[in-house]
Amino acid sequence: MATTPGGGRRTRVHVVSDVHGNARDLARAGEGADALVCLGDLVLFLDYADHSRGIFPDLFGTENADRIVELRTARRFEEARAFGARLWAGLDEDRAAAIEKAVRRQYAELFAAFPTPTYATYGNVDMPALWQEYARPGTTVLDGERVEIGGWTFGFVGGGLRTPMRTPYEITDEEYAAKIEAVGEVDVLCTHIPPEVPELVYDTVARRFERGSLALLDAIRRTRPRYALFGHVHQPLVRRMRIGATECVNVGHFAGSGRPWALEW
């Protein structure tokens, strides 16, 4: 903890989201902070900025990654699924086994990079069933749960909502709303996806609206946390805005920036 000019103690927390394989910068993300908060998406399946990086190009090559990005960006999801299915059908091993093997390699490196203490929740591309296997002492995994850090209560809700992309940890609106309800009133509400506000869910590079949560928006208005922190949208139209008494912050695309967002009180 830092010391204020008056002699009091202050708490500093660093927050990251959308790590997508960036273990190098993750290892430094907690420097100077009392704790690290991670809002998910540790896995790098396909880097839309560099199509040579990720599980998909490792298995199928950069040219095929170029094509799948082209189809998805054009919102031709059915064509993208059909194209991907043909590639997977030509693979020597089972699709699920190949993905899990690659994810395990990434998780081993990424969880080893977490400082102590780290408080983390899942993103929509994560595989929650594997997290407890890789989380070391000092890393606390939370989903629909609360924890106290420096006298403030932090609530965590992981995952994303159902989309045509069909990423690994997408749940129904009802399931998501139940986790929001379970968290209740907190000082800092930490989620992977943003509240359903057009300026917060629109990605200016992908040129599409991502899915935000109406239940989260309602909870922000109703319970009035000091902060609502999230990621998911890599290049949002607006990174920060107030909703009533709450400061809503997209903490940034950590895979690209390598810099955590800092919260101090």
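Is Asp-47 buried or exposed? In this predicted model, Asp-47 counts as buried, at 14% relative accessibility. The carboxylate side chain of Asp-47 is engaged by Arg-53 in a salt bridge, with an N to O separation of 2.6 Å. Arg-53, in contrast to its buried partner, is partly exposed, its relative accessible area being 34%.

A second pair that joins a buried acidic residue to a partly exposed arginine is formed by Glu-247 and Arg-240. The side chains of these two residues meet in a salt bridge, again described by an N to O distance of 2.6 Å. Relative accessibility is 13% for Glu-247, which places this residue in the buried class, whereas Arg-240 reaches 42% and counts as partly exposed.

A salt bridge within a single helix is provided by Arg-104 and Glu-100, whose closest N and O atoms are 3.0 Å apart. Both residues belong to helix H5, which spans residues 95–113. They are separated by four residues, about one turn of the helix. Here both partners are partly exposed: Arg-104 has a relative accessible area of 24%, and Glu-100 one of 30%.

Salt bridges also extend beyond isolated pairs. Arg-10, Arg-12 and Glu-264 are linked in a network of such contacts. In total, the model contains 19 salt bridges, among them the Arg-53 to Asp-47 contact, the Arg-240 to Glu-247 contact and the Arg-104 to Glu-100 contact within helix H5.

The cysteines were examined next. The number of disulfides in the model is zero. For Cys-38, the closest cysteine sulfur is that of Cys-190, and because the two sulfur atoms are 11 Å apart, they are too far from each other for a bond. The cut-off applied to a pair of cysteine sulfur atoms is 2.5 Å. Cys-248 likewise takes part in no disulfide, the nearest cysteine sulfur, also that of Cys-190, being 12 Å away. Cys-190 thus supplies the nearest cysteine sulfur both for Cys-38 and for Cys-248.

With respect to solvent, Cys-38 is buried, at 0% relative accessibility. Cys-248 is buried as well, its relative accessible area being 0%.

Methods:
Residues numbered from 1 in each chain as written. Predicted model: local features only at pLDDT ≥ 70, side-chain atom pairs only at ≥ 80, totals over all residues. Heavy atoms only, no water. Salt bridge = Lys/Arg side-chain N within 4 Å of Asp/Glu carboxyl O. Buried < 20%, exposed > 50% of the residue type's maximum accessible area, 1.4 Å probe, protein only. Helix = DSSP H or I, 4+ residues; strand = E, 2+ residues; numbered from the N terminus.
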